[in-house]
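Subject: Handover of a protein structure and notes on it

Dear colleague,

Please find below the structure that I am handing over to you. My notes on it follow, and I would ask you to read them with the structure open.

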Amino acid sequence: MSSFNGDVSQNGNTRHMDSLFTVAEIEENDFSKLLDKPKPLNMERQRSFDERSLSELSVGFSPRHSARHPENSSRNYEPPEYLFSPCSRRSVISCTPRSQAGFEPHPMVAEAWENLRRSLVFFRGEPVGTIAATDTSDEKLNYDQVFVRDFVPSALAFLMNGEPEIVKNFILKTLRLQSWEKKIDRFQLGEGVMPASFKVLHDPVRNTETLMADFGESAIGRVAPVDSGFWWIILLRAYTKSTGDTSLADRPECQKGMRLILSLCLSEGFDTFPTLLCADGCCMIDRRMGVYGYPIEIQALFFMALRCALLLLKQDDEGKEFIERIVKRLHALSYHMRSYFWLDFKQLNDIYRYKTEEYSHTAVNKFNVIPDSLSDWVFDFMPTHGGYFIGNVSPARMDFRWFCLGNCIAILSSLATPEQSMAIMDLIESRWEELAGEMPLKVCYPAIDSHEWRIETGSDPKNTRWSYHNGGSWPVLLWLLTAACIKTGRPQIARRAIELAESRLLKDNWPEYYDGKCGRYVGKQARKFQTWSIAGYLVAKMMLEDPSHLGMIALEEDKQMKPAMRRSNSWTC
């Protein structure tokens, strides 16, 4: 059996949608507003973040007439905590946009758009994604494929530029791939598993094009991508939020696709925690790096995908069942993560003083963590004011490493409370040299070395100290940091990171990652012209210039999920 699955059938036609709206279609929900006193946003001129107050990001609009989509009246709509990103219809081959603020963009922007468009992949004449890298100087491996997680920043860039058609095509094509039979050796994967990647094969003899998908059977370590399904739901919500068009999410096949993903995640088993148990290598960190168990990246994406699905699912008979299960899981997951994954100065001191071998429901050290197992670095790393969600929590094990993606998604999804979100930003500012250095941002901190490296990675030559996923610096994380900065009202942090990146990225030909404790050196195996490095930079620039774009990737806190905080937190010290 081939390691890839094939499909030559065409997936419907893509019809030109109605003109886009610039105001939100809303029904009241439980989610809180970003600010208490919203002010009107002047739409005549899009100003940069510096020129606008945070209060202008929360705009009260009247809902669109429900007569336009009367069949959608049962949907859970979001409040307009952010304005829909204003955009106009453009073709995918449109020219690089001028700055919306009325001045010429940074010279890197035009180069970035040119490279992003060069990475486009077409299937039967329609753009369906972007390949991982356009570097022709090295062996392709799987860098010539369209990865679900890699395409997210590209999709956001096109949505922000008013080019939603490619995103719609991608969503429908990957949905079609989900329905295929998925086998690794003699074992069949769950029906809801989304592919890690796909590619388009051209047959010049028969003049046909075929989509080929990889569900993990060709990946290093043969691990299925747990994060692909979550990113797919998040992207579907981003498309809906950006365009104001709910017809795509309302399609029966999209509703079914969401339910299949959720069935995998919400199934009952032997778990005593609401978090998802995962293997190493199931997410962005796709090699053995000691993230098995309950990694923060997966838990944060899981939380965000559940919240997005809650807004996208129809309240029909099938949808209502899942909505009830989602609500229960969200309450349990938010309490678990905020209580047991959160670390600040006070909590670190409490863990340091833990007693062990406690029994019964009154135990304080519920996971029986041995205090002597705490590494010395964490005591120096933790500032007096600040905190973060640690990498992993499981029986007798706490991984205190900082993981950028998981903490940024925690802010954007409101898994982190407003106070925790501010504490995360405090930590980033306090530990700027460690987490950003000369090229933002560290995918995780610190690097593991020596005996620990041999045990955790299996002596992986690609994940040596301060390289690749072992403390390497990844420019793609710029867009996540920028979004988190805008949401917390700290744009100066994002601006500082972007200026650092602009000093190197273009002249280094957009590397995949950088090596070294400060991120000074281009990664030893880094591909050049890495698409998500390019797209991540563009998204960061566009969000900083027009913060209303944040609405497609951020969710406000649901006050009903906010537990009473039982621990003293660093921000009250």
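In these notes, helices (H or I, at least four residues) and strands (E, at least two) are DSSP runs, numbered from the N terminus. The model is a predicted one, in which local features need pLDDT of at least 70 and side-chain atom pairs count only at pLDDT 80 or more, while totals for chains, interfaces and linings use all residues. Residues are numbered from 1 along each chain as its sequence is written, and side-chain values use heavy atoms, with hydrogens and water left out.

The chain as a whole

The protein chain contains 17 helices and 16 strands. Of its 573 residues, 62% are buried. Here buried means under 20% relative accessible area, exposed means over 50%, and partly exposed lies in between (1.4 Å probe, protein chains only). Contact means heavy atoms within 4.5 Å. Among the contacts in the chain with a separation of 6 or more, 74% are accounted for by residues 24 or more positions apart.

An enclosed helix

Helix α3 covers residues 165-178, which is 14 residues. From its first C-alpha to its last, α3 reaches 20 Å, close to the 20 Å expected at 1.5 Å a residue; the expected span is 1.5 Å times one less than the number of residues. Because 13 of its 14 residues are buried, α3 is largely enclosed by the rest of the structure.

Two pairs of helices

For the pairs below, axes are lines fitted to C-alpha atoms, for helices over the stretch in contact, and angles run from 0 to 180 degrees between N-to-C directions. Angles under 35 degrees count as roughly parallel, over 145 as roughly antiparallel, 65 to 115 as roughly perpendicular, and the rest as oblique. A crossing is left-handed if the near helix is turned anticlockwise from the far one by less than a right angle, and right-handed if clockwise. As for residue classes, Ala, Val, Leu, Ile, Met, Phe, Trp, Tyr, Cys and Pro count as nonpolar, Asp, Glu, Lys and Arg as charged, and the others, Gly among them, as polar.

The first pair is α4 (residues 226-243) and α6 (residues 252-266), whose axes come within 10 Å and cross at roughly 140°. The two helices are therefore oblique to each other, and α4 passes α6 in a left-handed crossing. On the α4 side, Gly-229, Phe-230, Trp-232, Ile-233 and Leu-236 meet Cys-254, Met-258, Ile-261 and Cys-265 of α6. This contact has eight nonpolar residues, one polar residue and no charged residues.

The second pair is α15 (residues 478-487) and α17 (residues 531-545), with axes that come within 7 Å and cross at roughly 20°. α15 and α17 are therefore roughly parallel, and their crossing is left-handed. Leu-478, Trp-479, Thr-482, Ala-483 and Ile-486 of α15 make the contact with Gly-536, Val-539, Ala-540, Met-543 and Leu-544 of α17. By class, there are eight nonpolar, two polar and no charged residues in the contact of α15 with α17.

Two residues of α11

Asn-407 is found in helix α11 (residues 404-413) and is buried, at a relative accessible area of 0%. Its C-alpha atom is separated by 7.6 Å from that of Ile-296, 111 residues apart along the chain. Neighbours within four places in sequence aside, Asn-407 is in contact with Tyr-388, Phe-389, Trp-402 and Ile-424.

Ile-411 also has its place in α11, and at 0% relative accessibility Ile-411 counts as buried. Beyond four places in sequence, the contacts of Ile-411 include Ala-416, Ile-424 and Lys-487.

Backbone geometry in the loops

Most residues other than glycine have a negative phi, and most peptide bonds are trans. Where, then, are the cis bonds described here? One is the peptide bond from Pro-440 to Leu-441, with omega near 0°; Leu-441 is in the loop between α13 (432-435) and β14 (444-445). Another cis bond joins Tyr-445 and Pro-446, with omega about -5°, and Pro-446 is in the loop between β14 and α14 (450-457).

Asn-509 has a positive phi near 65° and lies in the loop between α16 (491-502) and β15 (514-515). Trp-510, found in the loop between α16 and β15, has a positive phi of about 55°. Asn-509 is partly exposed, at 30% relative accessible area, whereas Trp-510 is buried at 1%.

Yours sincerely
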